[in-house]
Amino acid sequence: MLLKKIRKNKSGVSNIISTLLITSIMVTSVALTYSYLIPTIDRANTNASIYSSTLFLTKVDEAVQTMFYDGLGSARLLPVDAFDGTLGFTSMGLNFRAFIDGAMYLPIPGLEYGIARLSIPSEVSIMPENSQEYIKGGPFFPPVVTQDGSIDPATLVLERTDSETYQLELWYRLQLLIRDTGVGGEIDVSVIAVNFNAVDSLVGLNSGSYHLIISKTDIEVNPTLFGFPVNGDPITTSGDDFRITINTGTGPIEVYSSNGARTRVSINLVIFTIGFQMIVLE
């Protein structure tokens with residue numbers, strides 16, 4: 001009789017132990033899923049979103065650069081890869097200054113260049129907040145492209161602006177084309193700025209947008225807004241020791257200098273406006 005009771009008690013204890021083991025395994029599995037697998041999947045998804053969005057802006061950059069020396073109305077049709085987030089357009093101001101004989105003779109305040117900004121919402125941390133990663137260009141690149149520096153004007157940077165948003169930004173440095181014939185000769189300067197324009201913000205493929213038309217919608221040569229003559233001629237002068245500075249908000253940076261007398265110094269300003277229009281396929 002006692003032996004039967006012991007056997008029954010052992011069977012009950014075994015059932016309890018088995019239930020506890022199964023429960024603990026299930027709890028551990030759920031905990032592992034939420035503490036390791038799901039964050040891993042979230043990081044992979046965020047990385048994939050940033051990669052596809054970077055690829056998209058890289059193709060936009062390639063299309064825009066092929067249009068730099070095309071005429072007004074030229075356009076490119078870009079098949080759009082999947083990208084997440086919203087692409088908006090804004091501009092950033094800078095100040096252009098030209099000096100001769102030790103004094104400033106041509107200020108161009110309020111000159112702007114366009115910024116294409118793609119915002120990707122994500123709370124997953126794959127880089128620290130308020131940090132940047134340059135995909136093209138670099139933090140120490142000069143604000144202009146000259147014959148002596150990098151010939152690629154594009155800057156593409158990834159930034160985590162806060163705990164919930166990543167941003168990809170694409171913009172173009174000023175292009176400074178200079179012909180200097182030497183002391184006693186002439187200096188011809190052409191400054192090229194690129195602006196962006198879009199009626200609405202552009203969103204990813206999940207909204208049904210599939211193609212992007214990129215077009216050169218405007219070309220301004222020596223606009224009177226910046227102090228050039230009404231006939232569109234360049235601003236000219238003559239004298240000794242010519243130099244140019246650019247101020248993007250961190251102080252003036254000298255981007256060109258040439259010593260000695262010049263019989264003629266002329267400056268032209270060209271502003272390209274690049275328009276963006278998404279084509280929705282029904």
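A residue counts here as buried when its relative accessible area is under 20%. By that cut-off, 38% of the 282 residues in the protein chain are buried. The model is a predicted one, and the protein chain averages a pLDDT of 83, with 79% of the residues scoring at least 70.

Confidence is not even along the chain. Helix H1, residues 2–65, has the lowest confidence, at a mean of 66. Strand S12, residues 235–247, has the highest, at 94. Where pLDDT is low, the predicted coordinates should not be read in detail.

The protein chain holds one helix and 13 strands. Read from the N terminus, the order is α-β-β-β-β-β-β-β-β-β-β-β-β-β, with the helix ahead of the strands. Among contacts in the protein chain with a separation of 6 or more, 74% are between residues 24 or more positions apart.

A convenient place to begin with the strands is S2. This strand spans residues 86–100 and pairs with S3 in the antiparallel sense over 14 bridges. One of the paired positions is Phe99, whose bridge partner in S3 is Met104. S2 and S3 form a hairpin with two residues between the strands. Asp101 lies in the loop of this hairpin, between S2 and S3, and takes a positive phi near 55°, although Asp101 is a residue other than glycine. Asp101 counts as partly exposed because its relative accessibility is 49%, which falls between the 20% limit for buried and the 50% limit for exposed.

S2 has further partners. Five bridges join S2 to S12, and the two strands run antiparallel. Phe96 has Ile246 as its bridge partner in S12. S2 is also joined by two bridges to strand S10, residues 202–203, again in an antiparallel arrangement. Here Thr86 stands opposite Val203 in S10.

S12 contains another positive phi. Asp241 is found in this strand, and its phi is near 55°, a positive value in a residue other than glycine. Asp241 is partly exposed because its relative accessible area is 39%. Asp101, by contrast, lies in a loop, while Asp241 lies within a strand.

Next comes S3, which covers residues 103–121 and includes Leu118. Leu118 has a relative accessible area of 0%, and is therefore buried. Leu118 and Thr54 are 64 residues apart in sequence, with their C-alpha atoms 9.2 Å apart in space.

Besides its pairing with S2, S3 is joined to S7 by seven bridges, and S3 and S7 run antiparallel. Ile120 stands opposite Tyr166 of S7 in this pairing. S7, residues 165–172, also pairs with S6 in the antiparallel sense, over eight bridges. Ala154 has Tyr172 as its bridge partner in S7. S6 and S7 form a hairpin, with two residues between them.

How are the side chains of S7 arranged, and are they buried or exposed? Thr165, Gln167, Glu169 and Trp171 point one way from the strand, and Tyr166, Leu168, Leu170 and Tyr172 point the other way. Residues on both sides are buried. Because eight of the eight residues of S7 are buried, this strand is largely enclosed by the rest of the structure.

Several of these strands meet again at the largest pocket. This pocket contains about 520 Å³ of space and is lined by 24 residues. Tyr113, Tyr134, Pro139, Trp171 and Thr248 are the lining residues nearest its centre. Trp171 also belongs to the group on S7 that includes Thr165, Gln167 and Glu169. At least two lining residues come from each of S2, S3, S4 (131–136), S6 (154–162) and S7. By residue class, the lining divides into 15 nonpolar, five polar and four charged residues.

To retrace the route, S2 pairs with S3 over 14 bridges, S3 is joined to S7 by seven, and S7 pairs with S6 over eight. Each of these four strands supplies at least two residues of the lining of the largest pocket.

Key
Residues are numbered from 1 along each chain as its sequence is written. This is a predicted model: local features need pLDDT of at least 70, side-chain atom pairs count only at pLDDT 80 or more; totals for chains, interfaces and linings use all residues. Side-chain values use heavy atoms; hydrogens and water are left out. Buried means under 20% relative accessible area, exposed over 50%, partly exposed in between (1.4 Å probe, protein chains only). On a 1 Å grid over the protein atoms alone, a cavity is a set of points where a 1.4 Å probe fits but cannot get out, and a pocket is an open set with protein on both sides within 12 Å along at least five of seven lines; lining residues have an atom within 4 Å of a point. Grid points are joined across faces, edges and corners, and a volume is the space filled by probe spheres set on the points. Ala, Val, Leu, Ile, Met, Phe, Trp, Tyr, Cys and Pro count as nonpolar, Asp, Glu, Lys and Arg as charged, and the others, Gly among them, as polar. Two strands pair if DSSP finds at least two bridges between them. pLDDT is the predictor's confidence in each residue, from 0 to 100. Contact means heavy atoms within 4.5 Å.
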